[in-house]
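Please look through the sequence and the structure shown below before reading on. The report then takes up some charged residues, the aromatic rings, two helices and a few backbone angles in turn.

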Amino acid sequence: MESPLITVIVPVYNIMEYLPRCVDSICGQTYEKLEILLVDDGSTDGTGALCDELAAKDARIRVFHQQNGGSSSARNLGLDHASGEYIGFVDSDDYIDKNMYRNLYNAIVTYDVRVAQIGRDERDEQGNRLPDICVPPRKAERIGSRDFLKELLMHRGDCSFCTKLFHRSILETRHFPVGALNEDFHFLIQLLPEIGDIISLPEQAYHVFYRMGSNSRKTDREQFSRVFADSVVNADVVMEMVDREDRELTKIARRFGIFQRLEYLLHIPISQMTGDNTFYRQVVRTLRKEFFAGLFNPYLTMKNKLYMTLFVIAPKSVRRLHRRLKGFDK
């Protein structure tokens, strides 16, 4: 039987230094029946021209240029032009092992599912491996969509679209939310009921490049990525979904909401913890409202509960102490 076409969508923006490594790792896949869509999202540094040069070297590459609209907008343009029966995504500063898409496709066929995912690791700018954010299984594991959601809410699952291969039927009528920085989580939880089982593979074949200055990387203490606020919003979306569809997951969803608010408060610059910051005030107000439920939540750790208690009492003082303990005042 002839192998189906896989479309790999790569949003691209001002990434000249690292784009060749990314594209080379896709072109070098042992699964060769690919189309590679480079979506130049209004680059201003010559990256758009570099995309055209790379396309001239491999007929499988197609390039699209658009005005800057963000990663989700670029991915959506790629989806609109995707021809493959299966669809994958790679971020332009990351790179992948040569067998990644072959292994993902083989898993989909072997287990008769529509989505497979593979493990990932993170590398810093010096090439050092960082601690794993998501620990892959020791062997291939079949996960139902409800259990997958539970793993996401416990911060054990991987919400990244880049580590997954999707059958096009899942994505062809849907689009990523434009304007969000934590769009993978937001979109994936909407898709989970339709996806069914997911196969998770143990190989860490996707390599995330931890580049300071990218959307979610903080280069100084006064910077505050919108990803933390978007994560709080996502937690509220999950809570509404669970209340509507699966109330047995309420305690896990509440744990997720509290945890995301603690992350927000542990990263917000003190200068932004002001009375006129409506979102900040709502975060603190919700923690206070959820305080007693949180104390008796079996899914929160003692450390989580301690931070929750301290932030409920004196959020700015706790933030100052946390910054001092982390050495940010030196």
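Is Asp-121 buried or exposed, judged by its relative accessibility? At 2% relative accessibility, Asp-121 counts as buried, a value that, like every other one in this report, comes from a predicted model. The residue belongs to strand S6, and its side chain makes a polar contact of 3.1 Å with the side chain of Arg-123. When neighbours within four places in sequence are left aside, Asp-121 is in contact with Arg-129, Asp-132, Gln-204, Tyr-206, His-207 and Val-208.

A second aspartate, Asp-41, is found in strand S2, which covers residues 34–41. Asp-41 is buried but has no salt bridge, and the nearest side chain of opposite charge, that of Arg-75, is 11 Å away. What its side chain does reach is the backbone: a polar atom of the Asp-41 side chain lies 2.8 Å from the backbone nitrogen of Gly-69, and the side chain also reaches the backbone nitrogen of Gly-70 at 2.8 Å. Apart from residues up to four places away in sequence, the residues that Asp-41 touches include Val-12, Tyr-13, Gln-66, Gln-67, Asn-68, Ser-71 and Ala-74.

The aromatic rings come next. A pair of aromatic rings is described by the distance of the centres and the angle of the planes. The structure holds 13 aromatic pairs. In one pair, the rings of Tyr-18 and Phe-209 have their centres 4.6 Å apart and their planes at 50°, so this pair is tilted. Because Tyr-18 lies in the loop between strand S1 and helix H1, while Phe-209 lies in strand S9, the pair ties together parts that are 191 residues apart in sequence. Tyr-18 is buried, with a relative accessible area of 16%, and Phe-209 is buried as well, with a relative accessible area of 4%. Elsewhere, Phe-89, Phe-161, Phe-166, Phe-176 and Phe-187 form one aromatic cluster.

Two helices can be described by their buried residues. An α-helix has 3.6 residues a turn, so residues three or four places apart point the same way. In helix H5, which runs over residues 145–153, the buried residues are Phe-148, Leu-149, Leu-152 and Leu-153. Seen down the axis of H5, these buried residues fall within an arc of 135°, so they line one face of the helix. In helix H13, which runs over residues 315–325, the buried residues are Pro-315, Val-318, Arg-319, His-322 and Arg-323. Seen down the axis of H13, its buried residues also fall within an arc of 135°, and they therefore line one face of that helix. The buried residues of H13 pack against helix H9, helix H10 and helix H12.

Finally, the backbone angles deserve attention. Most residues other than glycine have a negative phi, and most peptide bonds are trans. The table lists residues with a positive phi.

| Residue | Phi | Place |
|---|---|---|
| Asn-14 | near 45° | loop between S1 and H1 |
| Asp-112 | near 55° | loop between helix H4 and strand S6 |
| His-155 | near 60° | follows H5 |

How exposed are the two loop residues of the table? Asn-14 counts as partly exposed, at 25% relative accessibility, whereas Asp-112 is exposed, with a relative accessible area of 68%.

Methods
Residues numbered from 1 in each chain as written. Predicted model: local features only at pLDDT ≥ 70, side-chain atom pairs only at ≥ 80, totals over all residues. Heavy atoms only, no water. Buried < 20%, exposed > 50% of the residue type's maximum accessible area, 1.4 Å probe, protein only. Helix = DSSP H or I, 4+ residues; strand = E, 2+ residues; numbered from the N terminus. Arc of directions from axis to C-beta. Lys, Arg positive; Asp, Glu negative; His and termini not counted. Salt bridge = Lys/Arg side-chain N within 4 Å of Asp/Glu carboxyl O. Polar contact = N/O pair within 3.5 Å; in protein donor to acceptor, adjacent residues only side chain to side chain. Contact = heavy atoms within 4.5 Å. Phe/Tyr/Trp six-rings, centres within 6.5 Å; stacked < 30°, edge-to-face > 60°.
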